[in-house]
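Here are some notes to read alongside the model, written for someone opening it for the first time. Keep the viewer open as you go.

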Amino acid sequence: MKRSIVWRLLRHNISVGQLIGYGVANLVGLAIVISALQLYRDVTNVWEAEDSFISRDYIIISKKVEGVALNGNSNEFTDAEIADIEAQPWIRKTGRFAAAGFNVGASLDIWGRGMSTALFLEAIPDEFFDVKPRGWQWQPTPEPDGSLPEVPIVISKDYLTLYNFGFASSRGYPQISEATIGQLPLKLSISGNGRQMTLQGRIVGFSSRLNTFAVPETFLEWANKELAGDSRANPSRLILEVNTPGDPAISRYLADHGYESAGDKADNGRAAYFLSIITAIVVSVGVVISLLAFFILLLSIHLLLQKNRQTIHKLMMLGYSPGAVSRHYYMIVGMVNGAVLIGAWILMLVARHLWTEPLKEIGVEGSSPWIAMLVGLAIIGLITAGNLIAIARNVGRNFPSPRR
């Protein structure tokens with residue numbers, strides 16, 4: 001009974017239009033924020049895949065070759081240059097490409113048709129690989145028959161594509177799948193320092209990140225020591241793990257120092273950087289709209305309490321506390337904000353349904369919407385807490401102090 005009396009006294013000056021305006025504005029702002037967050041999470045799933053067409057974290061750099069470089073050492077990175085690169089704020093880690101200091105030849109028998117070629121071998125730290133093949137570790141421990149262990153090799157996926165659709169199709173050679181080429185034994189002939197060796201090799205993996213013939217570091221160190229006098233040359237290529245590959249600071253640094261990145265990774269990085277900027281802008285717009293809605297409600301509450309000043313005074317004379325009066329405004333705010341949260345969730349899920357199918361067509365699986373929904377819950381919780389604090393203060397100020 002008391003509750004109905006207080007409610008009848010207070011509701012006359014409540015503006016339904018103002019509450020609807022606040023609810024719509026807050027709904028739009030919150031829906032924009034959580035939808036932009038969900039879209040960003042769905043799209044960035046592609047960066048986590050091993051076969052991602054966008055390399056989020058890694059770029060490979062080398063020095064530009066001007067004219068004809070007769071001295072290959074001129075394009076090597078010195079220790080000072082590497083230290084300067086590692087000191088940049090956008091760098092996480094730096095890996096060095098170690099090159100073979102000896103001659104390498106490879107031959108492969110493809111169903112009775114032999115082919116051979118000169119080859120180059122490189123090695124980088126294992127942490128920079130995008131594939132984790134089995135049997136990658138190599139040690140120069142002879143097998144029971146006296147031969148050295150088989151050398152595992154990781155090659156670029158582009159090399160197999162070039163063979164199948166370039167070389168093989170024009171020369172009448174059979175085309176080979178990734179699984180099949182991994183079963184074919186590869187004979188490696190390595191020579192240098194007056195010595196020559198023949199070893200068995202095998203292609204054990206294909207990399208989308210590395211454009212090279214990669215072997216384990218342990219093998220390259222052993223072979224360089226045996227055939228190249230352990231000559232440790234400075235690297236001519238570096239692989240960099242960076243924070244944001246599209247950061248303009250990276251492009252400026254590379255241009256200023258005469259470095260270039262391999263392939264189109266920089267362009268893909270710029271796309272990722274652009275996406276993060278657009279997402280930040282959209283989220284900012286949503287936050288601004290939500291803040292404006294928050295202040296609109298505060299103003300509405302202030303005006304409402306001013307209109308109800310006499311009513312509040314009468315309630316105080318009847319023995320009602322500020323908390324008892326505030327409770328009814330709390331209920332209004334709670335119901336409106338609850339409806340806003342549910343509406344924002346629905347709008348986000350509807351929008352997510354619209355972009356999920358196009359993303360699946362390019363092989364991108366969406367992420368769970370629970371994170372975005374929890375973020376929405378946290379935001380509306382903060383807004384509601386701010387509303388309740390403002391109501392309590394305004395009601396407290398409008399209750400006259402008891403006379404002593």
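The points below go from the whole chain to its core and then to its aromatic rings.

1. First, the ground rules. This is a predicted model, so to speak of local features we need pLDDT of at least 70, side-chain atom pairs count only at pLDDT 80 or more, and totals for chains, interfaces and linings use all residues. Residues are numbered from 1 along each chain as its sequence is written, and side-chain values use heavy atoms, with hydrogens and water left out.

2. The overall picture: you'll find 11 helices and 12 strands (DSSP runs numbered from the N terminus, helices being H or I with at least four residues and strands E with at least two). The chain has 404 residues, and 41% of them count as buried (under 20% relative accessible area, with a 1.4 Å probe and protein chains only).

3. Now the largest nonpolar core (buried Ala, Val, Leu, Ile, Met, Phe, Trp, Tyr and Cys residues joined through side-chain atoms within 4.5 Å). It has 34 residues, and those touching the most other members are Phe102, Leu121, Val151, Ile153, Ile190 and Phe219. Elements that each supply at least two residues include strand E7 (151-156), strand E8 (186-192) and helix H6 (217-227). H6 gives the largest share, five residues.

4. Have a look at phenylalanine 219. Beyond its neighbours within four places in sequence, it is in contact (heavy atoms within 4.5 Å) with Leu121, Trp138, Val151, Ile190 and Leu199. There is also a second, separate core of 17 residues, with Leu30, Ala31, Tyr329 and Leu341 among them.

5. How many aromatic pairs are there? The count is 10, where rings of Phe, Tyr and Trp (its six-membered ring) pair if their centres lie within 6.5 Å; planes under 30 degrees apart are stacked, over 60 edge-to-face and the rest tilted. Phenylalanine 219 and tryptophan 222 have ring centres 6.1 Å apart and planes at 35°, so this pair is tilted. Both sit in helix H6, three residues apart, about one turn of the helix. Phenylalanine 219 is buried at 0% relative accessible area, and tryptophan 222 is buried at 16%.

6. Tyrosine 253 and tyrosine 259 make a tilted pair too, 6.3 Å centre to centre with 55° between the planes. Both are buried, and together with Phe77 and Trp90 they form one aromatic cluster.

7. Lastly, charges over rings (NZ of Lys or CZ of Arg within 6 Å of the ring centre and within 35 degrees of the ring normal). Arginine 209 has its charged end over the ring of tyrosine 58, 3.8 Å from the centre. Lysine 93 lies over the face of phenylalanine 128, at 5.9 Å from the ring centre.

Methods:
Buried means under 20% relative accessible area, exposed over 50%, partly exposed in between (1.4 Å probe, protein chains only).
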